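Please prepare a short report on the chain shown here, covering its annotated spans, its secondary structure and its exposure.

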Amino acid sequence: MNLSQNTNLTLKKTKARPKCDLCFKSFSRQSSLKTHITTVHKKIKNYECPYSNCNKRFSTNSNMRRHVRIHEKNNKLHIKKAQLMESAIDELEAIRKHEENNFNQENNEHSKDQQY
Ligand SMILES: [Zn+2]
Ligand SMILES: [Zn+2]
């Protein structure tokens, strides 16, 4: 019987993974465990949305950033909308003026016709 193989198996090194004392969940990194404790067990929300009209708070920086992206997207949409509106108004104004001119010209011609 060759026992060396068996002993090798039992001696196989298992790196101690950081474990949560509260729910016994193990994590690959110490930092992951820390975020787990603060977000899951302490429910700490340290990250506040930087937008003054929004009071939302987040437990992690990445969650907060994900949320901020929504604001940024909305802002861009607003700007684009405003720009589109402006150009549309300019165009309408140009058409209106053009039509006005045509109308006046036609009227002048008609009044001339009536006079003669
Ligand atoms: Zn836990
Ligand atoms: Zn916000």
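Over residues 18–46 the chain is 41% helix and 0% strand, with end C-alpha atoms 23 Å apart, helices (H or I, at least four residues) and strands (E, at least two) being DSSP runs numbered from the N terminus. This is a predicted model, in which local features need pLDDT of at least 70 and side-chain atom pairs count only at pLDDT 80 or more, while totals for chains, interfaces and linings use all residues. Residues are numbered from 1 along each chain as its sequence is written, and chains are lettered from A and ligands numbered from 1 in the order in which they are written.

The unreviewed UniProt entry annotates residues 18–46 and 47–76 as "domain: C2H2-type"; UniProt positions follow the numbering used here, feature names are shortened, and annotations may be inferred rather than shown by experiment.

| Span | Helix | Strand | End C-alpha separation |
|---|---|---|---|
| Residues 18–46 | 41% | 0% | 23 Å |
| Residues 47–76 | 53% | 13% | 23 Å |

The protein chain has three helices and two strands, arranged along the sequence as α-α-β-β-α. Helix α2 (residues 30–41) has its end C-alpha atoms 16 Å apart, which agrees with the 16 Å expected for twelve residues at 1.5 Å a residue, the expected span being 1.5 Å times one less than the number of residues. Lysine 43, which follows α2, has a positive phi near 55°.

Serine 28 lies in the loop between α1 (4–11) and α2, and its C-alpha atom is separated by 6.0 Å from that of arginine 17, eleven residues apart along the chain. Serine 28 is exposed because 10 other C-beta atoms lie within 10 Å, where 12 or fewer count as exposed, 20 or more as buried and values in between as partly exposed, with C-beta atoms placed from the backbone. Of the 116 residues of the protein chain, 0% count as buried.
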